[in-house]
Amino acid sequence: MLSSISSQALRRVVAVRGLATAAEHRPVIDLYGLSARYANATYIAASKQGVLEQVEGELQAVHQTAKNSAKFSDFLDNPLISRDDKAKQIHEMFDGSGVSQVTLNLLDTLAGNARLNETGKVISAYEQLMKAKRGEVEATIISADPLTKAQTEAITSAMKSQVPGSGKVILSTEVDPSILGGLQVQIGDKFLDLSVVSRIDDLKRTAV
């Protein structure tokens with residue numbers, strides 16, 4: 001009886017530890033959709049092997065190659081190439097290249113499931129997971145004229161108060177003369193319109 005109880009207790013301890021380990025490797029945000037499922041699985045596999053950053057770099061290289069090479073891009077998108085042939089060519093391209101097994105498994109799985117045409121979306125989703133892990137928040141500032149370095153630094157500093165904890169703002173800027181003046185700000189899923197054209201539109205609506 002005692003050995004049975006001890007055995008049950010041991011199984012419970014192992015199960016709890018297993019859950020804790022699984023939670024440790026989960027992405028810090030939830031993404032949904034087909035591409036996200038592949039990205040989530042890749043993230044968990046990379047986390048367990050301690051190669052999250054390596055896989056990120058490898059996937060960025062794949063993405064860049066697809067942008068620069070029409071032949072490689074066509075290979076990923078071509079539905080006329082069979083699944084087996086795509087998987088075979090993936091291994092011919094990457095076996096012995098030093099690429100991690102996690103990245104190779106992802107590409108092999110996408111090829112086997114006829115989803116290599118989703119590679120760019122999967123990479124984008126993986127990058128979102130990595131940015132969330134680092135506490136990075138993307139922000140875009142749209143102005144009528146190019147911002148000076150001092151203005152950009154001031155805006156970045158001001159935005160840090162909108163990011164929880166030790167998060168980091170990754171700022172990009174765009175120029176759109178049609179807003180006439182002021183700024184439009186996109187930070188995460190929030191949008192703030194402080195442009196002159198929006199004020200004019202408000203005045204028009206008020207006048208009506």
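What share of the contacts in the chain with a separation of 6 or more is accounted for by residues 24 or more positions apart? The figure is 63%, and it is worth keeping in mind during a tour of this predicted model, which begins with the whole chain and then moves to selected elements.

**The whole chain**

With the complete chain on screen, colour by secondary structure: there are nine helices and four strands, and along the sequence they follow the pattern α-α-α-α-α-α-α-β-α-β-β-β-α. If you then switch to a surface representation, the accessible surface you see comes to about 13,200 Å², with 54% of it belonging to carbon and sulfur atoms. Of the 208 residues in the chain, 30% are buried.

**The sheet**

Next, select the four strands, which form an open sheet in the order β2-β1-β3-β4 with mixed pairing. The edges of this sheet are β2 and β4 (190–195), each of which pairs on one side only. Neighbouring strands are turned against each other by 15° on average, with direction ignored.

Now narrow the selection to β1 (136–143) and β2 (168–175), which pair in the parallel sense over eight bridges. Two of the residue pairs to display here are E138 with its bridge partner I170 in β2, and T140 with its bridge partner S172, also in β2. Then add β3 (182–187), which pairs with β1 in the antiparallel sense over five bridges; in β3, L183 is the bridge partner of S143. While β1 is still selected, note how well it is covered, since six of its eight residues are buried. When side chains are switched on, a general point helps in reading the view: in a regular strand the side chains alternate between the two faces of the sheet.

**Helix α8 against the sheet**

Keep the sheet visible and add helix α8, residues 149–159. This helix packs on the sheet, touching β1, β2 and β3, and its direction makes about 135° with that of β2. Which residues of α8 are buried? Show I155, T156 and M159 as sticks, for these are the buried ones. They cover an arc of only 100° around the axis, and therefore lie on the same side of α8. What covers the buried residues of the helix includes the strands β1, β2 and β3.

**The salt bridges**

For the next stop, hide the cartoon of the sheet and look for charged side chains; a search of the whole structure finds three salt bridges. Start at R134, which forms a salt bridge with E56, their closest N and O atoms being 2.9 Å apart. This pair links distant parts of the chain, with R134 in the loop between α7 (119–133) and β1, E56 in helix α3 (residues 52–68), and the two positions 78 residues apart. The two partners can also be compared by burial: R134 counts as partly exposed at 35% relative accessibility, whereas E56 is buried, with a relative accessible area of 8%.

Without moving away from R134, add E136, which forms a salt bridge with R134 at 3.0 Å between the closest N and O atoms. Through shared partners, the salt bridges join E56, R134 and E136 into one network.

Then select K121 and E118, whose side chains meet in a salt bridge with an N to O distance of 4.0 Å. Is each partner buried or exposed? K121 is exposed, with a relative accessible area of 55%, while E118, at 13% relative accessibility, counts as buried.

**T119 and its surroundings**

The last selection is T119, which is found in helix α7. T119 is buried, with a relative accessible area of 4%. To see what surrounds this residue, display V62, L76, L107 and L110, with which T119 is in contact once its neighbours within four places in sequence are left aside.

Terms used:
Residues numbered from 1 in each chain as written. Predicted model: local features only at pLDDT ≥ 70, side-chain atom pairs only at ≥ 80, totals over all residues. Heavy atoms only, no water. Buried < 20%, exposed > 50% of the residue type's maximum accessible area, 1.4 Å probe, protein only. Contact = heavy atoms within 4.5 Å. Areas by Shrake-Rupley, 256 points an atom, 1.4 Å probe, with all protein chains shown as cover. Arc of directions from axis to C-beta. Pairing = 2+ DSSP bridges. Axes fitted to C-alpha atoms, helices over the stretch in contact; angles between N-to-C directions.
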